[in-house]
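Please examine the structure shown below. The report that follows describes selected elements and their surroundings.

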Amino acid sequence: MATEIRNGKTTVYGKNGALKVEGVHLVNKNGEPVQLRGVSTHNVNSFPQFVNNDAIEFMADNWNMELYRYAMYTAFADGDAGYADGTDEHRAELEKMCIESVKKCAELGIYCMVDWHILFDYNPNMHKDMAIKFFANVSKALKDYDNVIYEICNEPNEDCTWEEIKSYAEEVIPVIRANDPDCVIVCGTPKWSQCVDEAADNPLEFDNVLYALHFYATTHKQWLRDKADYAMSKGCAIYVTEFGICDASGNGEIDYEETDRWFAYLDKHSISYSIWNLSNKDESSAMIAPTCDKVTGWTEDELSESGKWFVGRAK
């Protein structure tokens, strides 16, 4: 149970309570559609300094952050180590960091998304055994926390099919549900979580499941919203667990006009979202300016253009 009243005010959790999926909507304890405003970390292996309680509290209090996405890369192609290709000690550290993040969010009365962030390991089945290990451990530790949402495979890509993703999900979801029968789960979709239409034609047979849709405004236009429309017409609920206002590389030019179109669409359909990313990496999608080394308490001039846009939208 998360905090319902904080500093004399009702928290986002206090208003909404434990979430569930009904039809095409994420809904609150009263069955009303919920649209959560989230911030995603960058890879917690590479930017662990931004995974700290002060930062989470600052964003909740100053950026109107309602969900914190703990994005844990699972494997790398360049010699770094994620959860799947790291040591047992490293895995334990990542699990501890994850659990502490969820508990801090509960203390603040906000939600936390636990993201098994596949990318370089483009097919979730490549490290399915490690996913089962991670989610078994974490969901057991967090079984009494109903402010947590599990994202079981961030961005399947390359030639990974929906049938392969669905097979993976059918093994991983029961592992989580054994500890937390009613939790909300988000499943990634093919081609970097763009093909929600393919998932809609052969959906998962579980309750409280949403499908991930990722967009970067400079790259992804009406054609991707058309896919979302199709998925919802088939009864599938969508969660934009990651978006950017630049191009799909996480860099390049920002397209404010297309971003406005996307947010009119998300608002119309009460679709929740998380911006990518909380870091000071020298790229357009990073929210903190690359010249700023602070890990909390950022002023406006210490934010990137993406960061200024996101924070400005909360005012």
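## Helix α10 and its surroundings

In helix α10 (residues 305–314), the buried residues are S306, G307, W309, F310 and V311; buried denotes under 20% relative accessible area, exposed over 50% and partly exposed in between, with a 1.4 Å probe and protein chains only. Helices (H or I, at least four residues) and strands (E, at least two) are DSSP runs, numbered from the N terminus. The cover over these buried residues of α10 includes β5 (37–41), β11 (238–244), α9 (256–269) and β12 (273–278), where contact requires heavy atoms within 4.5 Å.

At the start of α10, the backbone nitrogen of S306 lies within 3.3 Å of a side-chain oxygen of S304.

## Basis of the model

This is a predicted model, in which local features need pLDDT of at least 70 and side-chain atom pairs count only at pLDDT 80 or more, while totals for chains, interfaces and linings use all residues. Residues are numbered from 1 along each chain as its sequence is written, and side-chain values use heavy atoms, with hydrogens and water left out.

## Strand β8 and its neighbours

Strand β8 (residues 148–151) is covered on both faces: V148 and Y150 are buried on one side, I149 and E151 on the other.

Strand β7 (residues 111–117) pairs with β8 in the parallel sense over 4 bridges; pairing requires at least two DSSP bridges between two strands. D115 has E151 in β8 as its bridge partner. From β7 the chain passes through helix α4 (residues 128–141) to β8 in a right-handed β-α-β crossover; right-handed signifies that, with the strands pointing away from the viewer, the path from the first strand over the helix to the second runs clockwise.

β8 also pairs in the parallel sense with strand β9 (residues 184–187), over 3 bridges, and I149 has V184 in β9 as its bridge partner. The chain crosses from β8 to β9 through helix α5 (residues 162–177), and this β-α-β crossover is right-handed.

Terms used:
A polar contact is a pair of N or O atoms within 3.5 Å; within protein, one must be able to donate a hydrogen and the other to accept it, and residues adjacent in sequence count only if both atoms are side-chain atoms.
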